[in-house]
Amino acid sequence: AIDLPETMIVNTLGAGDQFAAGLVAGLASGRDIVESCALGIESATAIIQQISARPPRPAKKKTVGAPA
């Protein structure tokens with residue numbers, strides 16, 4: 001479990017899906033069930049601290065001379 005102050009919880013939408021994704025990713029990469037659950041918890045914890053259920057996209061780099 002991760003001790004997260006309630007004030008840091010922004011939105012729980014997608015937390016279950018994010019946990020499942022972390023769990024499955026851990027198992028698929030050969031981790032045991034305990035490590036995979038920890039990865040799921042870490043993923044879900046990160047997502048509930050955002051407004052959207054989708055992780056932010058990396059900023060696009062502007063190419064010199066490209067239209068804005």
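This tour proceeds through a predicted model, selection by selection.

**The whole chain**

Begin with the entire chain displayed as a cartoon. Two helices and zero strands are present. Colouring by accessibility shows that, of the 68 residues in the chain, 19% are buried. A contact map would be a useful companion here: among contacts with a separation of 6 or more, 58% are between residues 24 or more positions apart.

**The helix pair**

Next, select residues 15-28, which form helix α1, together with residues 33-47, which form helix α2. Two packed helices are described by the angle between their axes and the distance between the axes. For α1 and α2, the angle is about 145° and the axes lie 7 Å apart. The crossing of these two helices is right-handed.

Now show the side chains where the helices meet. On the α1 side, select A15, Q18, F19, G22, L23, G26 and L27. Their counterparts in α2 are I33, S36, C37, L39, G40, I41, S43, A44 and I47. How many residues of this contact are nonpolar, polar or charged? Ten are nonpolar and six are polar, while no charged residue takes part.

**Along helix α2**

Keep α2 in view and hide α1 for a moment. Helix α2 comprises 15 residues and extends 21 Å from its first C-alpha to its last, close to the 21 Å expected at 1.5 Å a residue. At its N-terminal end, select D32 and V34: D32 caps the helix, with a side-chain oxygen 3.1 Å from the backbone nitrogen of V34.

Then select S36, G40, S43, A44, T45 and I47, the buried residues of α2. Restore α1 to the display, since α1 is included in what covers these residues.

Two of these buried residues merit individual selection.

- S43 is located in helix α2. S43 counts as buried because its relative accessible area of 17% is under 20%. Residues up to four places away in sequence aside, S43 touches Q18 and G22. Both Q18 and G22 are among the α1 residues that meet α2.
- T45 also belongs to helix α2. Its relative accessibility is 12%, so T45 is classed as buried. With neighbours within four places in sequence left aside, T45 is in contact with I2 and L4.

**The segment before α1**

Finally, move to N11, which is found in the segment before α1. Is N11 buried, partly exposed or exposed? N11 counts as partly exposed, because its relative accessibility is 25%, a value that falls between the 20% and 50% cut-offs. Add I47, I48, Q50 and I51 to the selection: N11 touches these four, not counting residues up to four places away in sequence. One of them, I47, is a buried residue of α2. A distance monitor between the C-alpha atoms of N11 and A53 gives 7.8 Å, although these residues are 42 residues apart along the chain.

From N11, continue to L13, which likewise lies in the segment before α1. A polar atom of the N11 side chain lies 3.0 Å from the backbone nitrogen of L13. L13 is classed as exposed because its relative accessible area is 55%, and the threshold for that class is over 50%. To finish, place a distance monitor between the C-alpha atoms of L13 and I51: the separation is 8.8 Å, with their positions 38 residues apart along the chain. I51 is also among the residues that N11 touches.

Notes: Residues are numbered from 1 along each chain as its sequence is written. This is a predicted model: local features need pLDDT of at least 70, side-chain atom pairs count only at pLDDT 80 or more; totals for chains, interfaces and linings use all residues. Side-chain values use heavy atoms; hydrogens and water are left out. Axes are lines fitted to C-alpha atoms, for helices over the stretch in contact, and angles run from 0 to 180 degrees between N-to-C directions. Helices (H or I, at least four residues) and strands (E, at least two) are DSSP runs, numbered from the N terminus. A crossing is left-handed if the near helix is turned anticlockwise from the far one by less than a right angle, and right-handed if clockwise. Contact means heavy atoms within 4.5 Å. Ala, Val, Leu, Ile, Met, Phe, Trp, Tyr, Cys and Pro count as nonpolar, Asp, Glu, Lys and Arg as charged, and the others, Gly among them, as polar. Buried means under 20% relative accessible area, exposed over 50%, partly exposed in between (1.4 Å probe, protein chains only). The expected span of a helix is 1.5 Å times one less than its number of residues. A polar contact is a pair of N or O atoms within 3.5 Å; within protein, one must be able to donate a hydrogen and the other to accept it, and residues adjacent in sequence count only if both atoms are side-chain atoms.
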